[in-house]
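Please look over the sequence and the model shown here. The paragraphs below go through one helix, one strand residue and one pocket.

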Amino acid sequence: MVKVAVIYYSSTGTNYQLANWAAEAVKAADAEVRVVRAQETAPEAAVASNPAWKQHLEETQHVPVATSDDIEWADAIIFSIPTRFGNVPSQMKQFIDSQGGLWAAGKTMNKVVTAMSSASNAHGGHEGTLLHLYTSMMHWGGAIIVPPGYTNECIYGGAGGNPYGTSVTQTPDGKMLEDVEAAVKHQATRVVEVASKIVQS
């Protein structure tokens, strides 16, 4: 059975929802899944200044914090992250940067990887964020990056057509402008399919 870690960071809930949709698709594809979150590293004052951020953090305390064990365990990894000034959020960057021990031991090699993103406007850095994350994955030791590309009609439709990974625009009140559920699930299923071929080879 293919093992998939869905690793997300979410301040107000969008990427948590994307992660859960991905996990549903992984389970439907008869793979094993772990949903884990990057540790919140923002100052308490920053979190408290945004009621939605504070509420989401409190509501997701039951979700395990991602560790190196999740990376080592997984055959495939699905990342879900918001953009921060066109780049990976510091919370996820901290997690990635702390995997030097695994990297040195060769335990980040050949992981099947894909990623999803969100931003507060349609040109707010979705694609740049994904490309920055994929660059780190190349350095991890030749991760096998599996973007959705244009492999299903759902990518063209309501999802907006991002070939690097499903991306969504979030309004200030937390609503998603695009209908991305089908695209997220297609992307997750595609990752399981590719990982299955690699695991069985």
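Which elements do the buried residues of α9 pack against? This is a predicted model, in which local features need pLDDT of at least 70 and side-chain atom pairs count only at pLDDT 80 or more, while totals for chains, interfaces and linings use all residues. Residues are numbered from 1 along each chain as its sequence is written, and side-chain values use heavy atoms, with hydrogens and water left out.

The buried residues of α9 pack against β1 (3–8), α1, β3 (76–82), β4 and α8 (153–156). Helices (H or I, at least four residues) and strands (E, at least two) are DSSP runs, numbered from the N terminus. Helix α9 covers residues 181–200, 20 in number, and spans 29 Å from first C-alpha to last, close to the 28 Å expected at 1.5 Å a residue (1.5 Å times one less than the number of residues). Its buried residues are A183, V184, H186, Q187, A188, V191, V192 and A195; buried means under 20% relative accessible area with a 1.4 Å probe, protein chains only.

Strand β6 (residues 167–169) includes T169. T169 is buried, at a relative accessible area of 4%. Beyond its neighbours within four places in sequence, T169 is in contact (heavy atoms within 4.5 Å) with A119, S120, N121, A122, H126, K175, M176, L177 and E178.

The largest pocket has a volume of about 330 Å³. Here a pocket is an open set of points on a 1 Å grid over the protein atoms alone, where a 1.4 Å probe fits, with protein on both sides within 12 Å along at least five of seven lines; lining residues have an atom within 4 Å of a point. Of the 19 lining residues, S11, T12, R84, S120 and Q170 are the closest to the pocket centre. Elements α1 (14–28) and β4 (112–119) each give two or more residues to this lining.

Conventions:
Points joined across faces, edges and corners; volume = space filled by probe spheres on them. Buried < 20%, exposed > 50% of the residue type's maximum accessible area, 1.4 Å probe, protein only.
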